[in-house]
Amino acid sequence: MKERQPIADAEKGSLATLITPVEIPEEQQPVIRAKQLETVGRLTPTIALANLVNASVVVASFWNTPGNRLIGLWCSTFVIATAIMVISHIAAKTRRRKNTEHRYSAEGTQESIDRYARFASFLGLLWGILPLLIMPFTDPTSQLAVSVIIAGVMFGGVLLVGRIPEAAVSFLVPTTIGYIVGLQLGQDPRNGFLSVLAVVYAVVLWTSTRWSYRQFVEQHLSGVAVEEQAQLIGLLLRDFEESTSDWLWQTNEIGELVKIPIPTLGDSTNFDVMAPGFTLSELFEASEERRILQRSLNGKQGFRDLALEVSGQDGTWWQLTGKPIFDDNGKFMGFRGVASDITQSKAIEDRIAYMAHFDPLTGLPNRACLHEHLEKAALRPIEDGRTRALLWLDLDNFKWVNDTMGHPAGDELLCQVATRLNETTTGADVVARLGGDEFAVLIEVAEQDDLINLVRTMSEVLNSPYDIWGSIVHCGASIGVRPIDQHNMDIQTLLKHADLALYQAKESGKRTWCVFSPELAERAQARRAVELDLHRAVENSELQLFFQPQVSTTTGNIVGCETLIRWNHPARGLIGPDNFIQHAEDSGFITRLGDWALREALSQARRLPKDMHIAVNISPLQIHSASLVTTIINALAANEIDPSRLELEITESVLMTDTEFTLDRLNQLKQIGLKISLDDFGTGFSSLSYLRRFPFDKIKIDKSFVEDIDHDEDSREIAKATLNLAKALNMKCTAEGVETECQKHFLIEIGCDELQGYLISRPQPLEKLAHLIDIGPDRAQPNIIDASPLVDRAHITKGDDNGVVDLMSKKAAG
């Protein structure tokens with residue numbers, strides 16, 4: 001850009017810029033010289049003809065003057081010089097045609113410029129001699145004619161060779177000097193003024209030549225800059241083509257595609273579709289995006305990133321961006337924009353959308369898709385007399401299939417369930433898999449009876465055996481039915497009610513169906529209220545432990561107490577565990593409740609004689625709690641209780657889930673020094689196998705057997721067998737529910753170790769057992785002691801997610 005600055009300054013038109021040399025970039029000098037030669041070369045025949053005509057006029061006009069012989073010699077010389085000039089021009093042109101490289105070389109062009117300057121100088125010298133041959137020998141009228149001829153020759157010569165300033169100056173200077181000298185020889189007083197005019201005229205011609213040459217160079221350099229810019233744009237566009245699938249498009253003012261006058265991009269097949277003459281909008285399939293495109297074109301408004309399917313090319317998608325173009329006068333010229341082939345990305349986008357709305361295993365819509373259908377259904381009125389319902393399904397035996405036959409078999413079962421649902425619910429709005437073994441159906445039928453018949457048929461079909469790779473599998477389904485009214489289409493409420501109906505179907509024995517009723521919602525609300533009240537009960541100290549003594553049949557003394565939780569509700573009064581324990585189990589609150597019972601039981605145990613044990617019931621969820629062992633150790637240490645005094649009572653339901661972990665946890669608790677009792681023996685499953693795998697300290701005969709001892713021989717035999725089994729396994733045996741003297745005497749007679757029941761005492765707060773037990777004073781705060789004696793020989797097994805404490809000692813001191 002710095003090399004071209006003088007040319008830009010020339011536009012200011014100052015005299016200084018005309019005097020200073022024209023600076024041309026070195027790489028452009030041969031090209032400009034070649035253009036100079038080409039321009040002047042085309043005029044060479046004209047120059048030769050003009051010179052010959054002028055020479056002929058001079059000879060004809062001044063042949064009768066005294067210097068006619070000299071004029072004849074001058075004319076002959078002029079003709080010879082002109083002929084040489086023409087012949088040299090033809091020869092140089094031939095050489096340049098044969099040698100293109102030499103034509104644009106610096107040496108070749110400069111040589112040709114110098115040759116033209118020499119020819120121009122020689123011709124100028126000849127025209128400068130002419131006034132010397134005529135002026136001294138003619139009258140003023142003839143002199144004036146010579147002046148006119150010389151002035152015309154000066155103008156014409158400079159004009160014709162002006163593209164080569166060197167040649168123009170070489171021609172102008174000798175001609176002007178010869179003319180001025182000739183005027184001085186003419187002895188006319190007015191010739192002095194003509195000489196001054198000649199000098200001014202020559203300067204004007206020289207200035208015009210310089211200005212014209214600068215314009216010629218500036219025009220050339222501007223053209224070169226434009227060409228370089230076009231080449232740069234072309235390179236950028238080609239780079240753009242290599243890195244993207246985009247291409248450019250343009251329409252005229254009537255919306256027809258036109259060819260863009262710059263290097264085009266993109267696949268050639270795209271240009272076959274976007275060929276000039278087609279209307280842009282007609283290239284695409286009808287869609288909402290095409291309507292937006294048409295409105296934008298009609299309204300002369302820009303648009304961006306419109307995804308359109310190409311007409312006649314199945315599965316081909318383009319993305320268009322465009323804006324209107326206007327000329328300098330504000331006239332609309334059409335649209336111009338960018339198009340890109342998004343077929344591949346559109347396919348990926350569609351695949352992602354499918355995966356977001358459909359289950360990959362069964363191909364059914366998923367939970368998100370079901371919600372969308374429910375939202376649309378909420379906006380669609382239900383016709384009079386028709387019935388719309390949401391069906392919620394859950395497989396009853398799916399976990400057993402996964403556990404026994406493997407997950408691939410479970411996947412096959414889910415696919416078969418999906419097939420049966422589709423076949424049974426033809427015409428349903430949506431059949432969806434919600435995840436796991438849950439399904440949902442949104443359906444609309446003509447009337448209520450049709451819905452009942454459909455659900456009944458669906459239940460029968462789903463409860464039929466399945467053939468899984470040659471194995472017969474029985475896996476029924478429970479179905480919750482939630483009829484939909486136009487005024488109860490709140491989606492979250494619908495889902496909750498359908499789930500309540502499903503829960504009731506499972507409670508009713510599974511493999512059946514249940515229609516939602518307001519009573520189900522009321523019961524659920526009641527359960528929720530109980531759960532909320534339970535959380536407040538712990539914070540407000542509404543829970544209380546009752547103690548039921550256990551008597552030794554050998555000594556008749558009370559040797560321990562079982563703790564039983566009660567809820568002193570501020571509004572409902574004293575509530576037994578049967579009314580809230582199950583709610584605590586279902587909500588998971590049982591873990592917090594059990595931890596409180598352990599801490600409270602051990603706190604109260606400080607008031608009992610040190611030879612009395614205290615029994616606390618443990619739930620299945622509490623066994624799996626990460627805080628169980630820590631809670632027990634901290635409570636034992638804080639209350640200075642010997643671990644052997646704490647007896648944990650578990651039921652066989654504790655051992656039904658994750659048996660290996662449960663047995664490991666019980667062994668770890670025994671290593672602390674605790675006693676483990678098996679409660680409600682004989683009412684569960686596989687009791688003997690558990691007795692063999694885990695050495696319980698005590699077995700408790702369930703009260704259902706004890707209460708029938710008075711009149712039922714089978715109950716007496718079961719009690720005897722249980723006692724004999726306990727003795728054989730070196731375990732103690734406690735009988736629960738002893739209410740009569742007959743039961744007491746029978747149990748003592750057969751050798752039962754301990755008795756517990758209403759005959760001895762009802763469950764009571766500890767203060768109310770003072771007549772039976774020597775109860776110490778109540779201390780508001782337990783002593784804060786060092787718990788290290790309990791854990792100094794223990795270590796926490798690293799990597800155990802449940803925080804299990806593995807005690808190396810069999811028994812730790814209190």
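# Sheets, helix packing and salt bridges in a predicted model

An open sheet with mixed pairing has five strands in the order E6-E7-E5-E10-E11. The model is predicted.

Me: Which strands stand at the edges of the five-strand sheet?
Reply: The order across this open sheet is E6-E7-E5-E10-E11. An edge strand has a single partner, so one of its sides is left without a neighbour in the sheet. The strands in that position are E6 and E11 (513–515).

Me: By how many degrees are neighbouring strands of the sheet E6-E7-E5-E10-E11 turned against each other on average?
Reply: The pairing in this sheet is mixed. With direction ignored, the average turn between neighbouring strands is 20°.

Me: Is strand E7 largely enclosed or largely open, and how many of its residues are buried?
Reply: E7 covers residues 438–445. It is joined to E5 by eight bridges in the antiparallel sense, and E6 (residues 430–435) pairs with E7, also antiparallel, over five bridges. E7 is largely enclosed by the rest of the structure, because the buried residues number seven of eight.

Me: Which residue in the hairpin of E6 and E7 takes a positive phi?
Reply: E6 and E7 are antiparallel partners, and alanine 432 stands opposite alanine 440 of E7. Two residues lie between the strands of this hairpin. The positive phi, near 60°, belongs to glycine 436.

Me: Which residue of E7 forms a salt bridge with arginine 388?
Reply: Arginine 388 lies in strand E5 (residues 387–395), and E5 runs antiparallel to E7. Its partner is 56 residues away in the chain, with the closest N and O atoms 3.1 Å apart. Both residues of the pair are buried. The partner is glutamate 444.

Me: What is the bridge partner of valine 481 in E11?
Reply: Strand E10 (residues 477–484) and E11 pair in the parallel sense over three bridges. Helix H17 (residues 491–507) lies across E5, E10 and E11, at about 140° to E10. In E11, the partner of valine 481 is valine 515.

Me: What is the strand order of the open sheet of four strands?
Reply: Pairing in this sheet is antiparallel. Strands E1 (246–250) and E2 (303–309) each have a single partner strand, so they stand at the edges. Neighbouring strands are turned by 25° against each other on average, direction ignored. The order is E1-E4-E3-E2.

Me: Which residue of E4 does glutamine 319 stand opposite?
Reply: Strands E3 (residues 317–326) and E4 (residues 332–341) are joined by nine antiparallel bridges. Helix H11 (residues 288–298) lies across E2, E3 and E4 and runs at about 135° to E2. The residue opposite glutamine 319 is serine 340.

Me: How many charged residues are in the contact of H3 with H7?
Reply: Helices H3 (residues 29–62) and H7 (residues 140–160) pack at about 175°, their axes 10 Å apart. This makes H3 roughly antiparallel to H7. Contact residues include Val40, Leu43 and Phe62 of H3 and Ala145, Ile149 and Leu160 of H7. By class there are 10 nonpolar residues and two polar ones, while the charged residues number no more than zero: there are no charged residues.

Me: Is threonine 631 buried or exposed?
Reply: Threonine 631 lies in helix H22 (residues 628–639). Leaving out residues up to four places away in sequence, it touches Asp595 and Arg599. Its relative accessible area is 10%, and under 20% counts as buried, so threonine 631 is buried.

Me: Which residue forms a salt bridge with aspartate 697?
Reply: Aspartate 697 lies in the loop between helix H24 (687–693) and strand E18 (698–701), and its partner lies in helix H23 (residues 659–672), so the pair ties together parts 27 residues apart in sequence. The closest N and O atoms are 3.0 Å apart. Aspartate 697 is partly exposed at 22% relative accessible area, and the partner is also partly exposed, at 23%. The partner is lysine 670.

Me: By about how many helical turns are glutamate 713 and arginine 716 separated?
Reply: The side chains of glutamate 713 and arginine 716 meet in a salt bridge, 2.5 Å from N to O. Glutamate 713 is partly exposed, with a relative accessible area of 39%. The two are three residues apart in helix H26 (residues 713–728), so the separation is about one helical turn.

Notes:
Residues numbered from 1 in each chain as written. Predicted model: local features only at pLDDT ≥ 70, side-chain atom pairs only at ≥ 80, totals over all residues. Heavy atoms only, no water. Pairing = 2+ DSSP bridges. Axes fitted to C-alpha atoms, helices over the stretch in contact; angles between N-to-C directions. Contact = heavy atoms within 4.5 Å. Parallel < 35°, antiparallel > 145°, perpendicular 65-115°, else oblique. Nonpolar A, V, L, I, M, F, W, Y, C, P; charged D, E, K, R; others polar. Buried < 20%, exposed > 50% of the residue type's maximum accessible area, 1.4 Å probe, protein only. Salt bridge = Lys/Arg side-chain N within 4 Å of Asp/Glu carboxyl O.
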